[in-house]
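Student: Could we go through this model together, taking the sheets, the helices that lie on them and the core in turn?

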Amino acid sequence: MGGLWFTEKQTDHFGITMKVKRTLHTEQTDFQLLEMVKTEEWGNMLLLDGMVMTSEKDEFVYHEMVAHVPLFTHPKPEHVLVVGGGDGGVIREIMKHPSVKKAVLVDIDGKVIEYSKKYLPSIAHELDNERVEVKVGDGFMEIAESENEYDVIMVDSTEPVGPAVNLFTKGFYAGISKALKEDGIFVAQTDNPWFKADLIREVQHDVNEIFPITKLYIANIPTYPSGMWTFTLGSKRYDPLEIEESRFHPIETKYYTKDLHKAAFVLPKFVSDLIGTG
Ligand code: SAM
C-alpha cells in the first residue's frame with residue numbers, strides 16, 4: 001500500500017486501517033498522545049493514544065445516538081452533564097433540545113477541546129453556546145461532588161485505559177446515580193461486542209445493580225473497531241422503549257429517528273446472549 005497508512009490495532013491479528021493525507025498536529029498532553037490527522041476517506045480525525053475518537057464523516061452516528069436516546073426518553077431534560085466529550089459532538093446534539101437550560105461538559109484534557117475547535121469546527125462549534133459550561137477536570141471527581149443535580153448524564157469517554165479507567169467502575173455508576181435527580185437517566189459508550197464482550201457484560205451487571213431500568217443499544221460506526229458499537233443506558237424511572245409519540249419533537253439528524261430510537265434496542269442474538277437477555 002503506497003503513502004502513509006494508520007492502523008488502530010484491535011487484537012494482535014486485526015485492526016482498522018486508513019490512508020492519511022497528512023498529520024495536522026501531534027502532542028503528548030499530560031494525559032494522552034493527541035493526534036489530528038487528515039484522512040483520504042473520513043476527513044479530519046482525532047486519535048488519542050492511537051485510537052480513533054471521531055472523524056468528520058461518520059461522527060454524527062455516535063454523537064446523535066449518545067445524546068438523543070436519553071434526551072427523548074426523559075420528558076423534560078433541563079440540566080445535562082457530559083463526562084469526556086471534549087470534541088464537542090455530543091454537546092452540539094444536546095443543543096438541539098430547547099428544554100435544556102444548561103449543559104456542563106467536563107473533559108480531563110483541555111488540549112482535546114482546543115484542537116477540536118481548531119481542526120474539527122463542524123463538530124465543536126456549539127462548545128461556545130451560552131447554555132454550555134466547559135470545565136477541564138476529572139469527570140470522576142465532578143460526579144463525586146454532585147448530588148441530585150442532573151436530569152441526564154452522558155459518559156463520552158475514551159476506552160478504560162489511562163485517565164478513563166475509573167469511569168468504568170461500579171463506584172462511578174453509584175456516583176452517577178447520586179448526581180442524577182430522582183428520575184434521571186444516564187448513558188455511556190461501552191465499546192463493541194466482538195472484542196470487548198467482558199467489558200459490556202461487566203458494565204451491564206454493575207449498572208443493573210444500581211438502576212431499576214438497564215438497557216443496551218447499538219449503532220453502526222464504521223471507523224470504530226468492528227463497526228458495531230454499544231451504549232449502556234441506566235434509568236431511574238423512564239423506559240426508553242415506552243415513550244409517548246408526542247414526546248418526539250422535530251430536530252435535524254442524519255442517523256437518529258424515532259423509529260431508530262426503538263430499533264437500536266433490538267439486539268443481535270449473540271449480543272443479547274452476552275448480557276443474558278437472549
Ligand atoms: N467517542 C469516542 C470513543 O468512543 O472512542 C470518545 C471521544 S473522546 C472526546 C473522549 C474524551 O474522554 C477525551 O477527550 C478524554 O480526554 C476524555 N476523558 C478520558 N478520561 C476522562 C476523565 N477521567 N474525566 C473526563 N474526561 C475524560
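The questions and answers below concern a predicted model.

Student: In the open sheet of five strands, which are the edge strands?

Tutor: The five strands follow the order β1-β2-β3-β4-β5 with antiparallel pairing, and the twist from one strand to the next averages 45°. An edge strand here pairs on one side only, and the strands that do so are β1 (4–11) and β5 (51–55).

Student: Within that sheet, which residue of β4 is the bridge partner of K38?

Tutor: Strand β3 (residues 33–39) and strand β4 (residues 43–48) run antiparallel and are joined by six bridges. The partner of K38 in β4 is N44.

Student: Helix α3 lies across part of this sheet, but at about what angle does the helix run to β3?

Tutor: The buried residues of α3 are V112, I113, Y115, S116 and Y119, and they pack against β2, β3 and β4 as well as β7 (102–107), α4 (121–124) and β8 (132–136). Helix α3 (residues 110–119) thus lies across β2 (14–28), β3 and β4, and its angle to β3 is about 15°.

Student: Why is one side of each of β8 and β11 left without a neighbour in the sheet?

Tutor: These strands belong to an open sheet of seven strands with mixed pairing, in the order β8-β7-β6-β9-β10-β12-β11. Because β8 and β11 (213–220) stand at its edges, one side of each lacks a neighbour in the sheet, and the reason is that each has a single partner strand.

Student: How many bridges pair β11 with β12, and in what sense?

Tutor: One of the pairs along these strands sets A219 opposite W229, its bridge partner in β12. Strand β12 (residues 228–235) is also a strand that α7 lies across, together with β11, the helix running at about 10° to β12. The pairing of β11 with β12 is in the antiparallel sense, over eight bridges.

Student: At roughly what angle do the axes of α6 and α7 cross?

Tutor: The contact brings K170, Y173, A174 and S177 of α6 to D206, V207 and I210 of α7, and by class it has four nonpolar, one polar and two charged residues. The crossing is right-handed. The axes of α6 (residues 170–179) and α7 (residues 197–210) come within 9 Å, and they cross at roughly 35°.

Student: Which helix contributes the largest share of the largest nonpolar core?

Tutor: That core has 70 residues, and V82, I153, M154 and V187 have the most contacts inside it. Leaving aside residues up to four places away in sequence, V82 touches V90, I91, A103, L105, M154 and D156. The largest share of the core, seven residues, comes from helix α1 (residues 59–73).

Conventions: Residues are numbered from 1 along each chain as its sequence is written. This is a predicted model: local features need pLDDT of at least 70, side-chain atom pairs count only at pLDDT 80 or more; totals for chains, interfaces and linings use all residues. A nonpolar core is a set of buried Ala, Val, Leu, Ile, Met, Phe, Trp, Tyr and Cys residues joined through C-beta atoms within 7 Å. A residue is buried if 20 or more other C-beta atoms lie within 10 Å of its own, exposed if 12 or fewer, and partly exposed in between; C-beta atoms are placed from the backbone. Helices (H or I, at least four residues) and strands (E, at least two) are DSSP runs, numbered from the N terminus. Two residues are in contact if their C-beta atoms, placed from the backbone, lie within 7 Å. Two strands pair if DSSP finds at least two bridges between them. Axes are lines fitted to C-alpha atoms, for helices over the stretch in contact, and angles run from 0 to 180 degrees between N-to-C directions. A crossing is left-handed if the near helix is turned anticlockwise from the far one by less than a right angle, and right-handed if clockwise. Ala, Val, Leu, Ile, Met, Phe, Trp, Tyr, Cys and Pro count as nonpolar, Asp, Glu, Lys and Arg as charged, and the others, Gly among them, as polar.
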